[in-house]
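Let's take a walk through this protein together, starting with the whole chain and then stepping into its strands and two of its serines. Keep the structure open beside you as you read.

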Amino acid sequence: MAAQVVKRIGNKLVIEVELDLSAESMLDKEEAIREAVNLAGSLGTVEALKSFDTKGEPILVDGVKQTSKGECAETYECPYGDVIVARHVYQTSKGGKTFCPLENDARLILNSTPAYAKIISFKYAQNGGNAVARDMLESNGRKVCPVYVKKVSDFVGEVAQYSGQDWTFSMPELSDEVASVSVGVDGTCVQMVESGWREAMTGTIGFFDKQGERLHTMYFGAAPEYGKATFFEKMGAEVIKVKELFPSSVYIGLADGAPENWKFLEPLTGRSVLDFYHAAEYVKLAANAIHPGSRNKKDRGDWLADRLHRLKHKHGAAKRLLNELEEELMYVQQKHVEDLEKAATYFRNNYRRMNYARQVKENMPIGSGVTEAACKELIKQRLCGSGMRWKDAGAAAVISIRSIRLTEGKWKQFWNNIIENGCPEHKIIEKL
């Protein structure tokens, strides 16, 4: 099987490929077709890469003159296979590190074309290097080393962490007006190589219409860090950007009872709402203490249903329930005092954030489920597999890519930004 360029018409190529369909099974015929397509794709990629090369003329790189040392062959990786391209490399009159305009202007990631880097980093965000290598071989007929998958993906993740901070990401077109915006943060533990189990952070910004339907969600994540200051700083900057877009919306902080979450959320939002389902767990704890045992099952169930209904639909219900729990502490069996005290303490600390009746009446969210789900989808599913342990840089890269992937429309914009603005090592070139 062979392929060749038989005609060039401006920027258009005519590629001739020989296709052997002598195999008996349809599966074998299809694999032969895939091999032919990969051959044609590799030829097209060579020509596409050459279009970003110079003709050997002197150039300015970030304002410094460089001259060509001639054409040197290099191997590049693309979705169809590895390709060899002869391209000009440059150097200043003082020597030093060489520079390749083709690699710069084609926006190569290491020695990978953008499309190939995009594919394997997308897959690596979902599975480990070995799984990605098997996937590429099965799906694309493309052999790739697992170590290479990780190296390229780590590079993409690093770009996502640093360059992406200064890039502009536009919102998708929403189907309705944004009436309210929820801001949530949460954490979940990841096993690190050097420090054991540590907390990685997730954050969400949810957009809701007047009926309380979620229109869009933005996802954010960060690898474990001591103090979490970097995550909160970045997350806070994103909330400020959103406020500029939707200044008239109601901003709601939604989280569990962790004090550090509220220290971050309350200055940024107009309303503070404790996750209803966390509160419900403590109501259930109180129900078990006040009406313990199998003989009180019906009373316990009735009491729990009634108090949850009141909590959700009656103004001032949280404070009244707190008063009831404190009063019940005088009568509850000694062995249940500790559980009831836990429930009372939780309400004592958080009842001001439990105005669920107003939220429900105004069709605004009362649950942080989307943020808790982000902990699972953003962190747990990829970083907490059996036996997994992570270094800081590797965890940060994967989380950064996954957060971009999860936010609708952001993955495409991220790669458009790379093509338009380049990565940190890409230079500004002028021809002389």
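The paragraphs below go from the overall picture to the local details.

A word on the source before we begin: this is a predicted model. The protein chain folds into 15 helices and 12 strands. How far does the C-alpha trace span along its principal axes? The answer is about 90 × 60 × 45 Å. The radius of gyration of the chain is 29 Å, whereas a compact globule of 432 residues would have one near 22 Å. Buried residues account for 44% of the 432 residues. Of the contacts between residues at least 6 apart in sequence, 66% link residues that are at least 24 apart.

Now turn to the outside. The chain exposes about 22,800 Å², and carbon and sulfur atoms supply 50% of that area. As for charge, there are 58 positive and 58 negative charges, and their mean positions lie 3 Å apart.

With that overview in hand, look at strands 3, 4 and 5. Strand 3 covers residues 59–61 and pairs with strand 4, residues 64–78, in the antiparallel sense over 3 bridges. Val 61 has Val 64 in strand 4 as its bridge partner. The hairpin of these two strands has 2 residues between them, and Asp 62 takes a positive phi near 50° there. Strand 4 also runs antiparallel to strand 5, residues 81–92, and 10 bridges join this pair. Here Thr 75 has Ile 84 of strand 5 as its bridge partner, and a hairpin through 2 residues leads from strand 4 to strand 5.

Further along the chain, follow strands 7, 8 and 9. Strand 7 spans residues 180–192 and is joined to strand 8 by 13 bridges, with the two running antiparallel. Their hairpin passes through 3 residues, and Met 192 stands opposite Gly 196 of strand 8. On its other pairing, strand 8 is antiparallel to strand 9, residues 214–222, with 8 bridges between them. Thr 204 stands opposite Tyr 219 in strand 9. The hairpin of strands 8 and 9 has 5 residues between the strands, and in it Gly 212 takes a positive phi near 85°. Is strand 8 mostly covered or mostly uncovered? Strand 8, residues 196–208, is mostly covered, with 10 of its 13 residues buried.

Stay with strand 7 for a moment, and find Ser 182 in it. Why does Ser 182 count as buried? Its relative accessible area is 4%, and buried means under 20%. Leaving out residues up to four places away in sequence, Ser 182 touches Thr 204, Ile 205, Gly 206, Phe 208, Ile 252, Leu 254 and Pro 365. Thr 204 you have already met, opposite Tyr 219. Ser 182 is also 9.3 Å from Thr 217, C-alpha to C-alpha, although 35 residues separate the two in sequence.

For a second serine, move to helix 3, residues 114–124, where Ser 121 is found. Ser 121 is buried because its relative accessible area is 0%. Which residues is Ser 121 in contact with, leaving aside its neighbours within four places in sequence? They are Ser 153, Val 156, Ile 401, Trp 411 and Trp 415.

Note on methods
Residues are numbered from 1 along each chain as its sequence is written. This is a predicted model: local features need pLDDT of at least 70, side-chain atom pairs count only at pLDDT 80 or more; totals for chains, interfaces and linings use all residues. Side-chain values use heavy atoms; hydrogens and water are left out. Helices (H or I, at least four residues) and strands (E, at least two) are DSSP runs, numbered from the N terminus. The radius of gyration is taken over C-alpha atoms; the globule rule is 2.2 Å times the number of residues to the power 0.38. Buried means under 20% relative accessible area, exposed over 50%, partly exposed in between (1.4 Å probe, protein chains only). Contact means heavy atoms within 4.5 Å. Accessible areas come from the Shrake-Rupley method with a 1.4 Å probe; for residues, only the protein chains shown count as cover. Lys and Arg count as positive and Asp and Glu as negative; His and the chain ends are not counted. The place of a charge is taken as NZ of Lys, CZ of Arg, CG of Asp or CD of Glu. Two strands pair if DSSP finds at least two bridges between them.
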